[in-house]
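Biologist: I am new to this one, so please walk me through it. I would like to hear the reasoning behind each term as we go.

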Amino acid sequence: MSDYILLTPGPLTTSQAVKETMLNDWSTWDVDYNETTQWIRRELLRIAHVSEEDYTAVLIQGSGSYGIESVINTGITAEDTILVLENGAYGRRMAQMAKGYGINTLELTFAEDQPVDANQVAAFLELHPEVTHLGMVHLETTTGILNPVSEVLVDAHERGIETIVDAMSSFGGMPIDVAAWNPSYLVSSANKAIQGVPGFAFVIAKREVLNQHSTTARSLSLDLYDQNHEMDTHNGKWRFTSPTHVVYAFAKALEELRAEGGVAARYARYANNQQKLERGMHALGFKTILADDVQSPIITSYMFPTADFDFQRFYDYLKAKRFVIYPGKVSKLPTFRLGNIGEIYDADIDELLTAIAGYDILPIPVLADFKTITD
Ligand SMILES: *Cc1c(COP(=O)(O)O)cnc(C)c1O
């Protein structure tokens, strides 16, 4: 039994079997381990609906941000220009990384409660023919909003622009036809919707694009080309010490994803969790901040119910009842977040809602109906 139910979008609540996989001393220098890595790489491509000829799945040590940074480090030169689309913290982080490598970085910013607008992106690109790369976040975990990746990428592709999609919190938990999106790179990590534990990121990279960049990287550890080359030519061998326990746990989590019925079944469970939780929260007087058509089934932002709401007190109260919730990240609004991914089921949502209903300061909405944030 887990001590806590994590309502956070990774690390999240994992299964008993995933945890038990780690009760072992696993070696890196081992053929079974390398083969497990290869199986994971193939399985990720299968889930992504892409072929092994067109794409490669590269695993890289570190959290999700290391995966994004490895792409920027390896795939973009100082002569290139990247446009980053931002409606939250993770888009901003991608831009910050690009600037750190001295790459010409353009930012197109949208309000945090609004999805990226593909028409505005197209108009911007029309005025900026110097753009060679475009980076965007599919599910901006800052709020839980979904961005229209497909629309933006179709246009970028027609303009010959390379694309980087941060699908960190959606990949494995929402059906994504990566072949249809046709990105140059799509990045996610072990501790999100596949329900593993933290320790590595993975990049689904277009082979012909990655192979053009054997010498672009400025950093050795985050050289995605080298990492892929080592894995391809040495049957799944990682460069440097890898998180063996995390890798075995991830393989177990992928088996469990299959057993659950694949991504479609997991998506249905997450969507049910999210809708049930949101209905229950509305009934208790809490307000969400996003329109229904852009609200993801992964994580939901709720407004503080009163002007003097004490988040820490609420957090401690729920933690004592085993539920660990997540602070808000919206710049201009007092919010907290409830994630509903991981080993979370109907009964957990019921228990959570009962716990929240029992909080002694029952939320009495006093704030005016939420309006669009204007910058
Ligand atoms: C979790 C997450 C990341 C990566 O964050 P890390 O803390 O580095 O794992 C990046 N983008 C999005 C959208 C995320 O949800």
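**Where the two domains meet**

Modeller: Gladly! In this predicted model, the area buried between domain 1 and domain 2 is about 2300 Å², with carbon and sulfur atoms giving 58%.

Biologist: What makes that area count as buried between domain 1 and domain 2?

Modeller: Buried area is the accessible area two parts lose on being put together, summed over both, so the figure of about 2300 Å² covers both domains. On the domain 1 side, Asp113, Thr143 and Gln195 lose the most area to domain 2, together 25% of what that side buries.

Biologist: How do you know which residues are in contact across domain 1 and domain 2?

Modeller: Contact means heavy atoms within 4.5 Å, and therefore 29 residues of domain 1 and 28 residues of domain 2 qualify.

Biologist: Why is the number of salt bridges across this interface given as zero?

Modeller: A salt bridge needs a side-chain nitrogen of Lys or Arg within 4 Å of a carboxyl oxygen of Asp or Glu; the rule finds none across the interface, so the number is zero. Polar contacts are another matter: 16 residue pairs are counted between the domains, both residues at pLDDT 80 or more.

Biologist: Which elements give two or more residues to the domain 1 side?

Modeller: Those are helix H4 (89-100), strand E7 (145-146) and helix H10 (244-260). H4 gives the most, with four residues.

Biologist: What makes up that side by residue kind: how many are nonpolar, polar and charged?

Modeller: The side of domain 1 that touches domain 2 has 13 nonpolar, nine polar and seven charged residues.

Definitions and conventions:
Residues numbered from 1 in each chain as written. Predicted model: local features only at pLDDT ≥ 70, side-chain atom pairs only at ≥ 80, totals over all residues. Heavy atoms only, no water. Buried area = accessible area lost by both parts, 1.4 Å probe. Polar contact = N/O pair within 3.5 Å; in protein donor to acceptor, adjacent residues only side chain to side chain. Nonpolar A, V, L, I, M, F, W, Y, C, P; charged D, E, K, R; others polar.
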